[in-house]
Amino acid sequence: MKNPVERLADKLIAGDSQKAALLVSGNNRRYFTQFPSSAGALLITAEEAYLLMDFRYEEAAGYKAKNCQVVGFTSLPEKVGELLGKHGVKQVYMECEELSVAQARSFEKAFQKAGAQAVLDDTLDKAVREQRMIKSPEEVKKIEASQEITDAAFQHILPCIKEGVTERELALEIEFFMRRQGAEDVAFSLIVAAGKNGSQCHAVPSDNQVRQGDFITMDTGALLDGYHSDMTRTVALGKVSDEQRAVYEKVLEAHLAVFDAVKPGVPCCDVDKVARDIIEKDYPGTFGHGLGHGVGFDIHEWPRFSKLDKTPCAEGMVITNEPGIYLPAKFGVRIEDMLLVTADGCRSLTKSPKELIEL
């Protein structure tokens, strides 16, 4: 199988020496070269791919970067222009979604000096998005390894959930545990929301203390080798009320129904509708966000399980399944797995139990 740089070059450049692609976003650079850095660019021509690094990263990139030749620079636009002239490039596809206006103008000037024109449309963004939506077997293994840390963190945190502990303390303990297990970072700002705060689907952990009878929603994930994981579980401290149990069971019903709905060729919006219809029947207006999103080198990637995304499910996609019910000033429930679309359906990459846990 060709490496990621070769696959993109085949799709965009197809051996045309007058065409090139320039990637400046950090996650895309890392996706194509496996080298993380806070600055630089990846220039792909028909003949060669160049990872352009300043003094801070040049040596390390030379040891670790894959699928490219590492080249140092003092002025990025000038170095890009020099390489374009060397290869006789006339058109350069640009990442419009990640490029600032100031950056685009700077590159355009450098390109003009080299006799090349910047292509400022969504051609490159679309090609990268389509490639990154389908995960290779190696990528799936990395996502699974990241999720293993997240599953372990869930088991670790359960004994820590006691009356009086704060949301912030629980979030910190989860993060410390993940890092001790080898995670390079958390996948996003972790969410721990107890009691009434659970109705805020993206609540920020605070000094709010856990009380008996509270639901505690924990949306967590690890970052490992560049790949993210994402999982939500809602547990209870002590026995729950009949209302709480009914809401939890409804969210679980919607969550489980998605597993039967996901198959190659099924539009993402239809999958969203399966879960949404179940919740809307009994709890209208309480599920305000999309059912899920792609996960990989970014925590939020394409495609999306949402009303608006008609992208057909395809083998190799990794998408979250996270229905929720949020009752303002009362409580909330969300259950989230990562699903891998397979040849005949899907399978969960998440191993933590889904049944209601009353601690």
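In the predicted model, Leu42 is in contact with eleven residues that include Val5, Ala21, Leu22, Leu23, Arg29, Phe32, Thr33, Ala49, Tyr50, Leu51 and Cys68, leaving aside neighbours within four places in sequence. Leu42 is also among the residues with the most contacts inside the largest nonpolar core, together with Leu8, Ile44, Ile216 and Met218. This core has 61 residues, and helix 7 gives the most to it, with six residues. A second, separate core of 32 residues includes Val262, Cys268, Phe305 and Val333. In soluble globular proteins, nonpolar side chains tend to be buried together.

The UniProt record, in an unreviewed entry, lists residues 14-134 as "domain: Creatinase N-terminal". In the model this span is 45% helix and 21% strand, and its end C-alpha atoms lie 20 Å apart. Helix 6 comprises residues 123-133, of which Leu124, Asp125, Ala127, Val128, Gln131, Arg132 and Met133 are buried. The cover over these buried residues includes helix 1 (4-12), helix 2 (26-33), strand 1 (19-23) and strand 5 (91-94). Strand 14 (301-305) and strand 15 (318-321) are also included in that cover.

Aromatic contacts were examined next. The count comes to seven aromatic pairs. One of these, formed by Tyr31 and Phe297, is edge-to-face, with 5.9 Å between centres and 85 degrees between the planes. Tyr31 belongs to helix 2, whereas Phe297 is in the loop between strand 13 (292-294) and strand 14, so the pair ties together parts that are 266 residues apart in sequence. Tyr31 and Phe297 are both buried. With Phe32 and Tyr227 they form one aromatic cluster. Phe32 is also one of the contacts of Leu42.

Tyr227 leads to an open sheet of three strands. The strand order is 7-10-11 and the pairing is antiparallel. Strand 7 (185-186) and strand 11 (227-228) are the edge strands, each pairing on one side only. Strand 10 (residues 222-224) is joined to strand 11 by two bridges, and Leu224 stands opposite Tyr227. Helix 7 (residues 137-157) lies across strand 10 and strand 11, and runs at about 140 degrees to strand 10.

Another open sheet of three strands has the order 8-9-12, again with antiparallel pairing. Its edge strands, strand 8 (191-194) and strand 12 (231-236), each pair on one side only. From one strand to the next the twist averages 10 degrees. Strand 9 (residues 215-220) pairs with strand 12 over six bridges in the antiparallel sense, and Thr217 has Thr234 of strand 12 as its bridge partner. Helix 7 packs on this sheet as well, touching strand 9 and strand 12, and its direction makes about 10 degrees with that of strand 12.

Met231 lies in strand 12. Its relative accessible area is 1%, which places Met231 among the buried residues. Not counting residues up to four places away in sequence, Met231 touches Gln147, Thr150, Asp151, Phe154, Met218, Asp219, Thr220, Glu336, Thr350 and Ser352. Met218, one of these contacts, is also listed among the residues with the most contacts in the largest nonpolar core. The C-alpha atoms of Met231 and Lys351 are separated by 9.8 Å, although the two residues are 120 residues apart along the chain.

In strand 15, Val318 and Thr320 point one way and Ile319 and Asn321 the other way, and all are buried. Strand 15 runs antiparallel to strand 18, to which four bridges join it. Within this pairing, Val318 stands opposite Leu340.

Leu340 is in turn touched by Gly345. Gly345 lies in the loop between strand 18 (337-341) and strand 19 (346-348). Because the cut-off for burial is under 20% relative accessible area, Gly345 counts as buried at 7%. Besides Leu340, Gly345 touches Val262, Lys263 and Pro264, not counting residues up to four places away in sequence. Val262 is one of the residues of the second core. The C-alpha atoms of Gly345 and Leu172, 173 residues apart along the chain, are separated by 36 Å.

Methods. Residues are numbered from 1 along each chain as its sequence is written. This is a predicted model: local features need pLDDT of at least 70, side-chain atom pairs count only at pLDDT 80 or more; totals for chains, interfaces and linings use all residues. Side-chain values use heavy atoms; hydrogens and water are left out. Two strands pair if DSSP finds at least two bridges between them. Contact means heavy atoms within 4.5 Å. Axes are lines fitted to C-alpha atoms, for helices over the stretch in contact, and angles run from 0 to 180 degrees between N-to-C directions. A nonpolar core is a set of buried Ala, Val, Leu, Ile, Met, Phe, Trp, Tyr and Cys residues joined through side-chain atoms within 4.5 Å. Buried means under 20% relative accessible area, exposed over 50%, partly exposed in between (1.4 Å probe, protein chains only). UniProt positions are given in the numbering used here, feature names are shortened, and annotations may be inferred rather than shown by experiment. Rings of Phe, Tyr and Trp (its six-membered ring) pair if their centres lie within 6.5 Å; planes under 30 degrees apart count as stacked, over 60 as edge-to-face and the rest as tilted.
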